[in-house]
Amino acid sequence: MVGISSLPHWLETLLGEKFFNPCLIHESAKKNEKNIFCLDCCTSICPHCLSPHRSHRLLQVRRYVYHDVIRVDDIEKLINCDYVQSYTTNSAKVVFLNQRPQSRPFRGSGNVCTICDRSLQDPYLFCSLACKVRQLVRTEGGISKYLYECEYLPLPEGTKGESCDLDDGQMTPDSVLESPVSLLTSSGSSASGGGVGCKTLACTATTEFVKKKRSSISGPRTTPYRATCSRVSEITMSLNRRKSIPHRSPLY
């Protein structure tokens, strides 16, 4: 929470609200997490509380790596979000509402957040919306010239306000996370004009190598064994011949 009294009431409440807690009014219902923020009532609600708020300005809050994020397309209708590091996930660009705790301070020489020193990519200056708001209040005494008038703000089309928990993964800023298999397949297809990917080629090569190795091991095993057996039988026959009763020449 920024904790600055000069902020608009809706923004101060949004940055200080605890989302995804169970709704006390609908505690026995499924999907009762409070993940919608009503700007007109300055409160968080669950999907089952939507009916009396349909005509109000609404923001849907999402979860990304266990922290609250909001779509840039939605929040930019209310406040300028320039230089706040964004993340693209599920084909939607999002920003963090508040700064996240760090296990250790960043000591590198790269770009860092102006407020909390979190590592950032160029040209970003803030890791969250709260950090930018705090910096503007500190340096300019307020954020009034960064606010936009918005009289109509419905939930995104096709969204009923359900809990949208995003995958917990380490995503790179401004890039869509793809599975390693799809990346390998796409790179292989583009390079060979619809051929197999690198992973498939590696598996095929390994299979052929194993087959060759097995054939080389199993092949010589049978041949020497048969040769050895035939050699032993020859020796046995020769010994039997030596041990047989000698034939004497007749006496004349």
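This briefing covers one helix, the aromatic pairs and one buried acidic residue. The model is predicted. Helix α3 spans residues 129-140. The aromatic pairs number 4. D68 sits in strand β4 and is buried.

**Helix α3**

- Helix α3 has 12 residues. From first C-alpha to last, α3 reaches 16 Å, close to the 16 Å expected at 1.5 Å a residue.
- Its buried residues are L129, A130, C131, K132, V133, Q135, L136 and V137. The list includes K132 and Q135 alongside L129, V133, L136 and V137.
- Those buried residues pack against three elements: α1 (9-16), α2 (72-75) and β6 (92-96).
- G141 follows α3. The phi of G141 is positive, near 80°.

**Aromatic pairs**

- The count of aromatic pairs comes to 4. One of them joins F19 and F37 in an edge-to-face arrangement, with 6.3 Å centre to centre and 75° between the planes.
- F19 lies in the loop between α1 and β1 (36-38), and F37 lies in β1 itself, so this pair ties together parts that are 18 residues apart in sequence. Both F19 and F37 are buried.
- Y64 and F96 form a stacked pair, because their ring centres lie 5.7 Å apart and their planes meet at 25°. The cut-off for stacking is under 30 degrees.
- Y64 belongs to strand β3 (residues 58-64) and F96 to strand β6, so the pair links parts that are 32 residues apart in sequence. Both Y64 and F96 are buried.
- Ring pairs also bring in Y87, giving a cluster of Y64, Y87 and F96.

**Charge over a ring**

- R100 places its charged end over the ring of F96. The distance to the ring centre is 3.8 Å.
- F96 thus has two roles here: F96 is a member of the ring cluster with Y64 and Y87, and the ring of F96 lies under the charged end of R100.

**D68 in strand β4**

- D68 lies in strand β4, which covers residues 67-71.
- D68 has a relative accessible area of 15%, so D68 counts as buried. The cut-off for buried is under 20%.
- The side chains of D68 and R63 are joined by a polar contact of 2.9 Å.
- Leaving aside residues up to four places away in sequence, D68 touches E17, F19, F20, V61, R62, R63, V95, F96 and L97.
- Two of the ring-pair residues, F19 and F96, are among the residues that D68 touches. F19 pairs with F37, while F96 stacks with Y64.

Key. Residues are numbered from 1 along each chain as its sequence is written. This is a predicted model: local features need pLDDT of at least 70, side-chain atom pairs count only at pLDDT 80 or more; totals for chains, interfaces and linings use all residues. Side-chain values use heavy atoms; hydrogens and water are left out. Helices (H or I, at least four residues) and strands (E, at least two) are DSSP runs, numbered from the N terminus. The expected span of a helix is 1.5 Å times one less than its number of residues. Buried means under 20% relative accessible area, exposed over 50%, partly exposed in between (1.4 Å probe, protein chains only). Contact means heavy atoms within 4.5 Å. Rings of Phe, Tyr and Trp (its six-membered ring) pair if their centres lie within 6.5 Å; planes under 30 degrees apart count as stacked, over 60 as edge-to-face and the rest as tilted. A charge sits over a ring if NZ of Lys or CZ of Arg is within 6 Å of the ring centre and within 35 degrees of the ring normal. A polar contact is a pair of N or O atoms within 3.5 Å; within protein, one must be able to donate a hydrogen and the other to accept it, and residues adjacent in sequence count only if both atoms are side-chain atoms.
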